[in-house]
Amino acid sequence: MMVDRTLAQVGRNLSDAMRILGDGQREPEAGAERWRLSRTSIPGPLQGDGQDVATILHLVHNLIHDEDEEEDKPSQHRMQNVGEQGHMALLGHSLAAYISVLDRERLRKLTTRILSDTTLWLCRLFRYENGSAYFHEDDRDGLVKVCRLVINARYEEYASEGYAVLSSKQPVIYQSASGRPGLGQHLCSQLGLPLSSLCTVPCNTIFGSQHQMDVALLDTLIKEDIEAGKLPLLLIVNAGTPGAGHTDKLARLKDVCDQYSMWLHVEGVNLATLALAQVTSAIMAATRSDSMTLTPGQWLGLPAVTAVTLYRHEDPALSLAAGLTCSQPVARLRALPLWLSLQYLGHNGIVQKIRHATALSQQLLQKLKAMTAIKTSGVASPIRPISGASLRDVLGSLLLSIVEDELSSPVVLFKFSQETSAASSGGSVEGYCEGEKEVQDAFNRWLGEQLVQLVPSSGVDVVELEDEGTCVRFSPLLTAAVLGTQQENVEELAEKLAQLLPGMCSTMCLRQDFREEVHRHSPTLTYIQDLSWPGLGAVRYEPQTEGVDESRRKQELEKINTELLKKLQDLDTDIVFSTGPEFETAEHCVFVGMVTEDVDVSELVDTVAALGRDIEESGRLLENMTEVVRRGILEAEQQLQLANEEKLMEEGMLRQLPLVGSVLNWFSPFQSSIKGRTFNLAAGSLDSTEGTYSTKAQTGRPSLQETPTSSKKLPGQRLFRRSGAGSESFSETSSVGQAEEPTGGGGSTPSGSVPPPACPPAAEENAHAAGDEDSRESSLKVHTPVEEEVTSEERQPEGREAEPSGT
């Protein structure tokens with residue numbers, strides 16, 4: 001089989017480029033220096049000798065992955081899975097450049113064949129008979145050209161007089177409130193129309209989906225515009241809204257357009273299901289429209305493939321004037337990548353990809369229906385009274401709308417439900433904090449972010465809807481072919497979701513308890529109302545300071561809460577403590593994350609208050625110690641001065657002379673009556689060292705015997721968790737632990753020591769014990785002159801033991 005040499009070289013170059021860009025293979029060691037210079041991100045002058053293809057491709061590879069290498073971690077961005085069909089699309093772009101250099105006659109024949117084949121395949125594949133196709137890079141450009149076509153058709157003198165003819169009857173373009181954001185404004189700017197020519201039709205708020213256009217209200221708006229002397233021009237409807245994936249009532253809307261001679265344009269992701277063998281009537285009605293915009297590149301995972309607008313119009317001259325057809329053969333080459341990809345996949349391959357995406361949606365939908373704390377799209381549609389209609393008719397219409405939406409839409413929209421979570425946890429919906437909708441949105445936003453990180457190949461994302469609020473969306477038609485989503489990924493998504501739900505349910509139910517417990521510790525603790533925090537809540541420790549200026553109080557507040565956060569993060573617990581969101585307005589507070597149902601909120605808040613008190617008291621103790629040390633130094637200086645004066649009076653003047661004093665002391669040694677002093681840091685006083693040298697033990701030294709402490713927690717139990725065992729078994733375990741303590745330590749418990757009560761939290765007891773140890777360490781550091789001597793005496797069994805003296 002003969003193949004053009006240049007054509008074969010194009011294919012080989014593309015294969016080499018994909019291999020280099022995908023594998024990132026580097027040049028040999030001989031060109032290491034050249035490689036290092038070529039990969040720099042700093043712009044520089046163009047090299048005079050030029051570079052080979054491999055070096056340039058390596059440079060492109062490094063520019064693509066340079067950010068990941070700098071961060072020294074794998075990229076979290078979703079990379080498109082470029083398969084064999086993707087290579088065909090990329091090859092089409094290369095071939096388009098090669099074909100463009102052919103002679104004009106051969107180029108015209110080739111582009112005509114490519115354009116006619118692609119148009120025929122798409123029209124038959126998506127059941128749009130006798131249609132024409134316009135290929136465009138911007139998916140909004142096709143609608144712009146269609147609007148120009150309709151303007152040329154409805155205003156006969158538009159071609160000669162231009163925009164002047166629009167002043168007689170202002171054209172009106174109608175779009176749904178659930179349509180693409182900014183689409184109407186883009187049309188007006190491209191067509192030179194005022195924004196008054198755009199009419200946004202509200203969605204249905206009576207029954208059924210809240211994302212479907214209100215047909216009755218549309219009819220009323222059209223009549224009002226006609227009475228005002230305007231011309232209804234075009235209606236934009238959705239077969240799968242961008243947010244929720246719902247489909248408008250296309251059949252009824254088509255009848256309205258026929259009644260007022262309007263053009264009907266359909267767009268949306270649900271149009272992909274037209275290629276399947278079984279299509280619902282709601283989607284099948286799209287084949288009656290005057291035009292539709294398709295995005296096969298997203299549905300089939302084809303990179304850089306144009307969008308397609310299929311339309312029906314009999315006058316080719318108007319299509320040419322509107323820009324839907326082009327006389328330039330080079331412009332028709334935009335269809336070449338899609339032409340190659342469709343041939344590579346074939347009819348069965350295209351249908352299989354779309355069927356696979358819809359099957360993933362149904363698989364996830366069945367999983368979500370079994371979860372009580374999850375609410376799917378369409379289930380929560382409100383029922384409101386309708387004049388002239390019975391309740392049975394309303395319920396029938398509601399049920400039909402829900403069934404059609406779930407069967408026709410490959411978009412699954414779900415959210416964490418506050419009401420169902422409260423019911424499943426045994427709680428009550430009443431008593432939740434204010435702004436429960438904002439709190440629920442924050443929880444769903446956190447849920448979506450967690451699912452994106454845990455299962456990135458699922459392609460889920462977070463959407464903000466006007467009625468439902470924050471929801472998690474799964475749209476496999478837009479992501480499955482790109483990310484390679486399979487059934488096991490959906491299973492993993494459902495498993496991760498089931499693991500996250502119990503914590504969300506328990507946290508939502510315990511938020512009010514946390515708020516009440518914090519208020520119980522007022523004014524020591526302050527509850528911070530933050531509706532955007534997906535967790536148990538936020539708390540701030542308020543230092544009890546009086547007579548302190550505001551700036552000093554803020555500094556102390558920041559210092560205490562910062563130290564409190566560090567101590568809470570060091571605790572042995574799986575609760576996450578943080579400083580809150582990045583752009584948080586509340587300052588100097590501790591945010592508590594998700595918790596499980598066995599968390600003791602009372603113990604948690606008590607621990608926060610106890611740690612805050614310990615930090616505040618230790619800070620005050622440090623300040624008091626500073627003052628005590630300062631006074632002790634002044635007193636020591638005074639006593640040293642007095643001691644020097646007494647020494648001078650006792651020894652006399654002769655002993656102060658250097659030479660005479662040495663000789664006199666040798667013949668007649670002098671015994672001074674002045675004793676040394678030691679500073680007791682705990683008592684804040686100067687004591688004599690006479691007892692220390694006489695007994696060889698430091699007086700006032702605290703006992704080294706630690707006070708035994710008991711804990712509320714069972715062995716292996718984490719903090720802030722309620723014990724599953726009964727009170728009797730717990731007390732028995734505690735008594736056994738206290739009885740075994742002396743034998744394990746090899747000593748006896750002092751009779752004067754009393755075990756602390758079990759009611760304070762374990763963290764509070766540890767904090768007090770740590771404070772006592774700090775006090776003992778401070779006392780030990782003061783008496784360092786004879787530390788080694790005392791230690792050696794204590795180690796000898798026959799030696800004299802140190803006399804304990806409490807401070």
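C147 is buried in this predicted model, with a relative accessible area of 0%. The closest cysteine sulfur to that of C147 belongs to C188, at a distance of 8.8 Å, which is too far for a bond. C188 in turn is in no disulfide, and its nearest cysteine sulfur is that of C147. Like its partner in this comparison, C188 counts as buried, its relative accessible area being 4%. Because a disulfide requires two cysteine sulfur atoms within 2.5 Å, the 8.8 Å between C147 and C188 rules out such a bond for this pair. A search of the whole structure gives a total of 0 disulfides.

**Salt bridges**

Charged side chains form a further topic. The structure holds 19 salt bridges. Three of these pairs, with their closest nitrogen-to-oxygen distances, are set out below.

| Pair | N to O distance | Relative accessible area |
|---|---|---|
| R108 and E105 | 2.5 Å | R108 40%; E105 41% |
| R140 and D138 | 3.3 Å | R140 28%; D138 29% |
| R553 and E542 | 2.8 Å | R553 24%; E542 10% |

The partners R108 and E105 both belong to helix α5, where they stand 3 residues apart, or about one turn of the helix. R108 is partly exposed, and E105 is partly exposed as well.

In the pair of R140 and D138, joined by a salt bridge, R140 is partly exposed and D138 is likewise partly exposed.

The third pair in the table consists of R553 and E542, whose closest N and O atoms are 2.8 Å apart. R553 is part of helix α20, which covers residues 550–569, whereas E542 lies in the loop between β13 (537–541) and α20, so the salt bridge ties together parts that are 11 residues apart in sequence. R553 is partly exposed, while E542 is buried.

Salt bridges also occur as a network, in which D139, R180 and E267 are linked.

**Cavities**

Two of the residues in that network, R180 and E267, appear again in the lining of an internal space. By the rule applied here, the structure has 2 cavities of 30 Å³ or more. The second largest cavity encloses about 40 Å³ of space. Its lining is made up of Q175, S176, G179, R180, L183, I236, V237, N238 and E267. Two strands, β2 (171–176) and β4 (231–238), each supply at least two of the lining residues of the second largest cavity. Of the elements involved, β4 gives the most to this lining, with 3 residues.

**Aromatic rings**

The rings of the structure give a count of 5 aromatic pairs. A ring also meets a charge: the charged end of R312 sits over the ring of Y128, at 3.7 Å from its centre.

**Backbone features in loops**

Most residues other than glycine have a negative phi, and most peptide bonds are trans. Some places in this model depart from that pattern.

Which residues have a positive phi although they are not glycine? One is N130, with phi near 55°. N130 lies in the loop between α5 (104–125) and β1 (132–136). The residue is exposed, its relative accessible area being 74%. Another is S261, for which phi is also near 55°. S261 is found in the loop between α10 (250–259) and β5 (263–267).

Where is the cis peptide bond with an omega of about 5°? This bond joins S522 and P523. P523 belongs to the loop between α19 (487–520) and β12 (525–528).

**Elements that recur**

Several elements take part in more than one of these features. Helix α5 contains R108 and E105, and α5 also borders the loop that holds N130. Strand β5, which spans 263–267, follows the loop with S261. E267 takes part in the salt-bridge network with D139 and R180, and E267 is also among the residues that line the second largest cavity.

Conventions:
Residues are numbered from 1 along each chain as its sequence is written. This is a predicted model: local features need pLDDT of at least 70, side-chain atom pairs count only at pLDDT 80 or more; totals for chains, interfaces and linings use all residues. Side-chain values use heavy atoms; hydrogens and water are left out. Helices (H or I, at least four residues) and strands (E, at least two) are DSSP runs, numbered from the N terminus. Buried means under 20% relative accessible area, exposed over 50%, partly exposed in between (1.4 Å probe, protein chains only). Rings of Phe, Tyr and Trp (its six-membered ring) pair if their centres lie within 6.5 Å; planes under 30 degrees apart count as stacked, over 60 as edge-to-face and the rest as tilted. A charge sits over a ring if NZ of Lys or CZ of Arg is within 6 Å of the ring centre and within 35 degrees of the ring normal. A salt bridge is a side-chain nitrogen of Lys or Arg within 4 Å of a carboxyl oxygen of Asp or Glu. On a 1 Å grid over the protein atoms alone, a cavity is a set of points where a 1.4 Å probe fits but cannot get out, and a pocket is an open set with protein on both sides within 12 Å along at least five of seven lines; lining residues have an atom within 4 Å of a point. Grid points are joined across faces, edges and corners, and a volume is the space filled by probe spheres set on the points.
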